[in-house]
Amino acid sequence: MSPHKVAIIGAGAVGSTIAYTLVLKNVTTEILLVDVDQAFLEGQVLDLSDTASVSSCKIKSASLKEAGQADIILVTAGAKQKEGESRTSLVGRNYCILQSVVEGMKPIRSDAIMLMVSNPVDTLTQIAQELSGLPMAQVFGSGTYLDTTRLRGLLSHILDVDSRSIHAYVLGEHGDSQFIPWSTASIAGRPLIDIQEFQKMDKELVRIKVAGKALKIIKLKGATHFGIGACASDLCESIILNKNQIRPLSVFVPRLGCYLSMPAKLGTTGIKEIYEIPLTEAEEELLQASALSIMSVLSRV
Ligand SMILES: NC(=O)C1=CN([C@@H]2O[C@H](COP(=O)(O)OP(=O)(O)OC[C@H]3O[C@@H](n4cnc5c(N)ncnc54)[C@H](O)[C@@H]3O)[C@@H](O)[C@H]2O)C=CC1
Ligand SMILES: CC(=O)C(=O)O
């Protein structure tokens, strides 16, 4: 394998789970972990280094400057939601953290790929792109990839089909204004709207369960981290192995003027193409409303 460095800023629940998943995948040669809490960081690095028996990936603590020279930079640093709190309420605190992280990494390698995870992810991705000066194709957020995984998992249970064989997306904001374009969902080329079990399904209940899953987990255990660990490490693998996978990611959509989730092709150079799904008029309205909601958060910072 050619040498590949992945830097993870923020070694908390999300950052360490992404690191652990990447170590087990064995797709990168080195992981650099960065955190403001040096003792905690040392503990996380020591603990993660005990995975050496199953992986040749080396794990080290690093400075922001070193992280700025990695092939892929993931940002997971920042405050997380408390029970009942929305992602957008984190924007002020996480904007300040992001600003210090990006400044600390400068000069950032001009071909680095920056993957944003901290919330509110759409707003912070736009800010990260502006602050870093990296091209838009190289800065994107995990967006509604996790929500889409949640949707497919729920549909798999209801329709009794493996979730990876269900083509359905959650689009828009990774937040309250996200929506499901049901008209585009399919299994083996058959639109879901033509399938009897789907017609009987309570679609509003599915939407509420998908959009509310993060807060349900936070209420029960304080944080979500396994799902995003799987999603973010899959995205790193797609970049490192130039897999050209299509994933719903927070990307800049010029006609909407902001970052939000759309299916996008991901490879070594970052976002290679955005695939705008053909939407019904009602779905297009939901997309526009989601863009407005993201832009109103952006205008608060
Ligand atoms: N996009 C998504 O799908 C998801 C996003 N998240 C978001 O990820 C973020 C992190 O969540 P957790 O890991 O659970 O929180 P956490 O509290 O466990 O970890 C955050 C870490 O960031 C570190 N940190 C704070 N300021 C820093 C700075 N200036 N430089 C470097 N490190 C710094 C803290 O010391 C801490 O270790 C939150 O914003 C959360 O909402 C969480 C799950 C899914
Ligand atoms: C916390 C968060 O954004 C999620 O689990 O979806």
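This is a short talk on two domains, a binding site and a ligand shell in one predicted model.

I'll start with the overall division. The domain assignment splits the chain into domain 1, residues 5-141, and domain 2, residues 144-299. Their C-alpha centres are 22 Å apart. Where the two domains touch, domain 1 contributes 35 residues and domain 2 contributes 34 residues.

Which elements supply the side of domain 1 that touches domain 2? At least two residues each come from H1, strand E4 (72-75), strand E5 (113-116), helix H5 (121-132) and strand E6 (139-141). H1 gives the most, with eight residues. By residue type, that side of domain 1 has 18 nonpolar residues, twelve polar and five charged.

Now to the stretch 5-141 itself. UniProt, in an unreviewed entry, gives residues 5-141 the feature "domain: Lactate/malate dehydrogenase N-terminal". Over these residues the chain is 41% helix and 18% strand. The C-alpha atoms at the two ends of the stretch are 19 Å apart.

The unreviewed UniProt entry also lists a "binding site". Among its positions are Gly 10, Ala 11, Gly 15, Asp 35, Ser 118 and Asn 119. I'll take two of these positions in turn.

Gly 10 sits in the loop that runs between strand E1 (5-9) and helix H1 (13-25). Is Gly 10 buried or exposed? Gly 10 counts as buried because 24 other C-beta atoms lie within 10 Å, and the cut-off for buried is 20 or more. Setting aside neighbours within four places in sequence, Gly 10 contacts Gly 15, Asp 35, Val 75, Thr 76, Ala 77, Gly 78 and Ser 118. Of these partners, Gly 15, Asp 35 and Ser 118 are also listed in the UniProt binding site.

Ala 11 is in the loop between E1 and H1 as well. Ala 11 has 25 other C-beta atoms within 10 Å, so by that cut-off Ala 11 is buried too. Which residues does Ala 11 touch, not counting those up to four places away in sequence? They are Ser 16, Leu 33, Asp 35, Phe 40, Leu 41 and Gln 44. Asp 35 therefore appears in the contact lists of both Gly 10 and Ala 11.

Last, ligand 2. The residues around ligand 2 are Arg 87, Asn 119, Leu 146, Ala 214 and Thr 224. Two residues of this shell are nonpolar, two are polar and one is charged. Asn 119 is one of the positions that UniProt places in the binding site.

Note on methods: Residues are numbered from 1 along each chain as its sequence is written. Chains are lettered from A and ligands numbered from 1 in the order in which they are written. This is a predicted model: local features need pLDDT of at least 70, side-chain atom pairs count only at pLDDT 80 or more; totals for chains, interfaces and linings use all residues. UniProt positions are given in the numbering used here, feature names are shortened, and annotations may be inferred rather than shown by experiment. Helices (H or I, at least four residues) and strands (E, at least two) are DSSP runs, numbered from the N terminus. A residue is buried if 20 or more other C-beta atoms lie within 10 Å of its own, exposed if 12 or fewer, and partly exposed in between; C-beta atoms are placed from the backbone. Two residues are in contact if their C-beta atoms, placed from the backbone, lie within 7 Å. Domain bounds come from an automatic or database domain assignment. Ala, Val, Leu, Ile, Met, Phe, Trp, Tyr, Cys and Pro count as nonpolar, Asp, Glu, Lys and Arg as charged, and the others, Gly among them, as polar. A residue is near a molecule or strand if its C-beta atom, placed from the backbone, lies within 6 Å of it.
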